[in-house]
Amino acid sequence: RMQARRADGEESRRALTRIAARLYAVAQVHASRSEDAEAQINLRDVARQILEQMGQSVVDSDGRIHLEVQGMDVLLPPRAATSCALIVTELVLNALEHGLRNQPQGSIIVGVEESQGRVQLSVMDNGSGLPPDFSLAASSNLGLTIVQTLAEDLHGSINLIEREGVTAVVTFPRLLTGEEAWTKPK
């Protein structure tokens, strides 16, 4: 964050801010894990901590952007929680950078739900929406590529829904057998 504040160009400042946010996301899960190596991580709490950090370091302090977490407690093994923390980070950064950048005000809501053995992690912004010719499959956006890869690692998928902004929804199975269940099948 200190380097981002001192960076000369806007592009350098954005890149350093994104790196700091990614590091913070991973650090949050590892801090929770250090308290109890066998513990499951509460995804809603991790998302809340990430948004609090972004509210302090990424979002302008003018109050024009509202950040919120909604949903239920969903406990995950540390590896899955780390992937989800990075997904939240990338999707919120994308919403800030692309959806809300030129908006006078806006909101980003992170949702955490679990139903019928599946976890749904969503990030909704009420910004400008997707470009008319946008295709998730053809996107070269690094953040979305990271999210797609992490969703695949969780044996899940990502969908973008455009309605009064954009909602990115990552859905994956809730595996109950522990950390080993999150390794890729052979």
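Here is a chat between a biologist and a modeller about a predicted model.

Biologist: Let's start with the sheet. What makes it open, and which strands are its edges?

Modeller: Five strands line up as β2-β4-β5-β7-β6, with mixed pairing. β2 (65-71) and β6 (157-162) are the edge strands, because each pairs on one side only. From one strand to the next the twist averages 15°.

Biologist: How do you know that β5 and β7 count as paired?

Modeller: The rule asks for at least two bridges. Strand β5 (residues 118-125) and strand β7 (residues 166-173) are joined by eight bridges, so they pair, and they run antiparallel. Gln-120 sits opposite Thr-171 in β7, and Ser-122 has Val-169 as its bridge partner there.

Biologist: And what makes β4 and β5 a pair?

Modeller: Same test: at least two bridges are needed, and β4 and β5 have eight, in the antiparallel sense. Val-110 stands opposite Val-123 in β5. Two residues lie between the strands of this hairpin, where Gln-116 adopts a positive phi near 50°.

Biologist: Which strands does helix α3 touch as it packs on the sheet?

Modeller: α3 (residues 43-57) touches β2, β4 (106-115) and β5. Its direction makes about 175° with that of β2. Helix α5 (residues 142-153) also packs on the sheet, touching β6 and β7, at about 130° to β6.

Biologist: Why are α4 and α5 called roughly antiparallel?

Modeller: Helix α4 (residues 78-99) and α5 pack at about 155°, with axes 9 Å apart. Angles over 145 degrees count as roughly antiparallel, so these two helices earn the label. Their crossing is left-handed.

Biologist: What makes up the contact between α4 and α5?

Modeller: From α4 come Ser-83, Leu-86, Ile-87, Glu-90, Leu-91 and Asn-94; from α5 come Gly-143, Leu-144, Ile-146, Val-147, Leu-150 and Ala-151. Those residues divide into eight nonpolar, three polar and one charged.

Biologist: Why is Arg-44 with Asp-73 called a salt bridge?

Modeller: The cut-off is a side-chain nitrogen of Lys or Arg within 4 Å of a carboxyl oxygen of Asp or Glu. Here the closest N and O atoms are 2.7 Å apart, so the pair qualifies. By this rule the count comes to four salt bridges.

Biologist: Where in the chain do Arg-44 and Asp-73 sit?

Modeller: Arg-44 is in helix α3 and Asp-73 is in the loop between β2 and β3 (75-76). They are 29 residues apart, so the pair links distant parts of the chain.

Key. Residues are numbered from 1 along each chain as its sequence is written. This is a predicted model: local features need pLDDT of at least 70, side-chain atom pairs count only at pLDDT 80 or more; totals for chains, interfaces and linings use all residues. Side-chain values use heavy atoms; hydrogens and water are left out. Helices (H or I, at least four residues) and strands (E, at least two) are DSSP runs, numbered from the N terminus. Axes are lines fitted to C-alpha atoms, for helices over the stretch in contact, and angles run from 0 to 180 degrees between N-to-C directions. Contact means heavy atoms within 4.5 Å. Angles under 35 degrees count as roughly parallel, over 145 as roughly antiparallel, 65 to 115 as roughly perpendicular and the rest as oblique. A crossing is left-handed if the near helix is turned anticlockwise from the far one by less than a right angle, and right-handed if clockwise. Ala, Val, Leu, Ile, Met, Phe, Trp, Tyr, Cys and Pro count as nonpolar, Asp, Glu, Lys and Arg as charged, and the others, Gly among them, as polar.
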